[in-house]
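Here are my notes on the model, set out as numbered points for someone who is meeting it afresh. They begin with one pair of helices, go on to the chain as a whole and end with single residues.

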Amino acid sequence: MTALPDAPATNSQIIADYRAKTPASAALAAEARELFPSGVTHDGRYLEPYGIYVTRGEGAYKWDVDGNRYIDFFGGHGALLLGHNRPEVIAAVQTALQDGTHFGANQEREVRWAQLVKQLIPSAERVRFTSSGTEATHMALRLARAFTGRRQVIRLKTHFHGWHDHVTSGFNSHFDGAPTVGVLPGVAEGVLLLPPNDLDAVAAALDANQDIAAMILEPTGGSFGMVPVDGAYLQGLRELTRAHGVLLIFDEVVTGFRVSRGGAQAHYGVTPDLTTLAKILAGGLPGGAVVGRKDILDSIDFAASREQGREKIAHPGTFNANPVSAAAGIAALQIIADTDACERANGLAETLRGKLNAVIEDEKVNWAVYGTFSGFHIFTNPRGGAVSPATFDPADHAYDELKSNPPGLVNKFRVAMLLNGADFSAWPGGLLSAAHTEQDLDAAAEGFRQVLRMLRQEGEI
Ligand SMILES: Cc1ncc(COP(=O)(O)O)c(C=O)c1O
């Protein structure tokens, strides 16, 4: 079963103070509960007693309907490497809007957008735009099965690839590969779930099974490095998959244009056969893409399919390469190509990890903050062992320990962080943008200190 967040404690001062600070959000949440399951439109936005309702964002900040300002580490679910409302991106969107929002036809912007993708992402010989990352991973797996004529795909436990039927087991529940509710057993049987970071397990699976079409993974590890992998592992996978005629798919929906301009594949010098992209790709608007080897994407190509006597994969999609998303994507990718945005966000995250760990040491809490590139993860020590930020190494901990938290803690932690002026993600942790400043990091670390004290007072840590 998927772990469900606990209902909030009714006697919590943290929750009471949050309610007092956010009455207008509470009022909207009451309306939303009559409309949406749990009152939310994305599981990751679920918070008890309710999440904040945001009116606008600027740079590293966002403001709620009560006028409270938050330093944003949620980062548009990872889409906002450049922060909120980057002027060049907004200007490009405004220009595009004047031209029209949908032409039902080809347009120059999709060509310019794809050229930038091809320039930046090493594996991108051909590009196919989709409307989301979920659609991109769905198409990547279908392409792999069609191209190889094989049925199974290898996925890694803890790695997230969206919510279509082939990827629901094993990212934070159903680690045995059993289908999640509503998914056909036959679909789940087409997925071989392996432990992360275990090259021998992949080698054994490839030796034993001739029906494997592809292996897909998040190239910096499950949930953007919550369960990290390293370059040697990626290199090993490249060699193994090539030797077995199995396609290697990097899901760079988060890491693309973030880890480096060319994603994790450019950083590690490992080129996959297919890559999935979204989030930063479309500059903060909806959009995704599957990119990769021409001969594989030829399975979507009318003429190539005809010539090869193969059935073509159909790929419609009303909002594929939407012109407004294309405009935002072009502007964002151009900035990323021309500036140090990736390096800046990576450096800021390293600084923040250090600052949060210093607070943890000061406050003598049995936690540690870790992460790679522009992410940070808070290890909340669900099994209660001795942990020190100075020596913490996620490799010493089991994947299901890294992925779990003491019951009820994360909800209260996130509410307390909001109370102290910062929006963290439910990992718990967050993402840095190039728009954050050192001052923001100091303010967030100070807020984190207050949160640890509040949680201690309520007996949570
Ligand atoms: C690695 C990864 N793949 C795929 C997805 C799904 O993307 P989307 O939310 O655009 O469908 C996500 C979303 O967070 C992701 O992190």
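1. Helix 7 and helix 9 run roughly parallel to each other, which is a good place to begin in what is a predicted model. Helix 7 covers residues 199-208 and helix 9 covers residues 231-243, and the two pack at an angle of about 10 degrees with their axes 10 Å apart. The angle is under 35 degrees, and therefore the pair counts as roughly parallel.

2. The residues that bring these two helices together can be named: Leu199, Val202, Ala203 and Leu206 in helix 7 meet Tyr233, Gly236, Leu237 and Leu240 in helix 9. Sorted by class, the contact of helix 7 with helix 9 consists of seven nonpolar residues and one polar residue, with no charged residues.

3. Turning to the protein chain as a whole, the model contains 17 helices and 15 strands. The radius of gyration is 22 Å, close to the 23 Å that the globule rule gives for 461 residues, so the chain is as compact as a globular protein of that length. Along the principal axes, the C-alpha atoms fill a box of roughly 70 × 55 × 45 Å.

4. Of the 461 residues in the protein chain, 48% count as buried. Among the contacts with a separation of 6 or more, 72% are accounted for by residues 24 or more positions apart.

5. A second helix pair deserves a look, namely helix 14 (residues 341-362) and helix 17 (residues 438-457), whose axes come within 9 Å and cross at roughly 30 degrees. That angle makes helix 14 roughly parallel to helix 17, and the crossing of the two is right-handed.

6. On the side of helix 14, the meeting residues are Leu348, Thr351, Leu352, Lys355, Leu356 and Val359, while helix 17 brings Glu438, Leu441, Ala444, Ala445, Phe448, Arg449 and Leu452. The residues of this contact between helix 14 and helix 17 divide into nine nonpolar, one polar and three charged.

7. Leu441, which has its place in helix 17, shows this packing at the level of one residue. Is Leu441 buried or exposed? With 22 other C-beta atoms within 10 Å, Leu441 is buried, because a residue needs 20 or more to count as such. Leaving aside neighbours within four places in sequence, Leu441 is in contact with Leu348, Thr351, Leu352, Lys355 and His436. Leu441 and Leu352 are 89 residues apart in sequence, and their C-alpha atoms are 5.8 Å apart in space.

8. Thr255 lies in the loop between strand 9 (247-251) and helix 10 (263-268), and with 29 C-beta neighbours inside 10 Å it counts as buried. Beyond the neighbours within four places in sequence, Thr255 is in contact with Pro219, Thr220, Phe224, Gly263 and Ala264. From C-alpha to C-alpha, Thr255 and Ser374 are 9.3 Å apart, although 119 residues separate them in sequence.

9. Trp163 is found in the loop between strand 5 (152-156) and helix 6 (185-189). Trp163 has 15 C-beta neighbours inside 10 Å and counts as partly exposed. Apart from neighbours within four places in sequence, Trp163 is in contact with Thr134 and Thr168. Trp163 and Gly133 are 30 residues apart in sequence and 9.4 Å apart in space, C-alpha to C-alpha.

Key:
Residues numbered from 1 in each chain as written. Predicted model: local features only at pLDDT ≥ 70, side-chain atom pairs only at ≥ 80, totals over all residues. Helix = DSSP H or I, 4+ residues; strand = E, 2+ residues; numbered from the N terminus. Rg over C-alpha atoms; globule rule 2.2 N^0.38 Å. Buried ≥ 20, exposed ≤ 12 C-beta atoms within 10 Å, placed from the backbone. Contact = placed C-beta atoms within 7 Å. Axes fitted to C-alpha atoms, helices over the stretch in contact; angles between N-to-C directions. Parallel < 35°, antiparallel > 145°, perpendicular 65-115°, else oblique. Left-handed = near helix turned anticlockwise from the far one by under 90°. Nonpolar A, V, L, I, M, F, W, Y, C, P; charged D, E, K, R; others polar.
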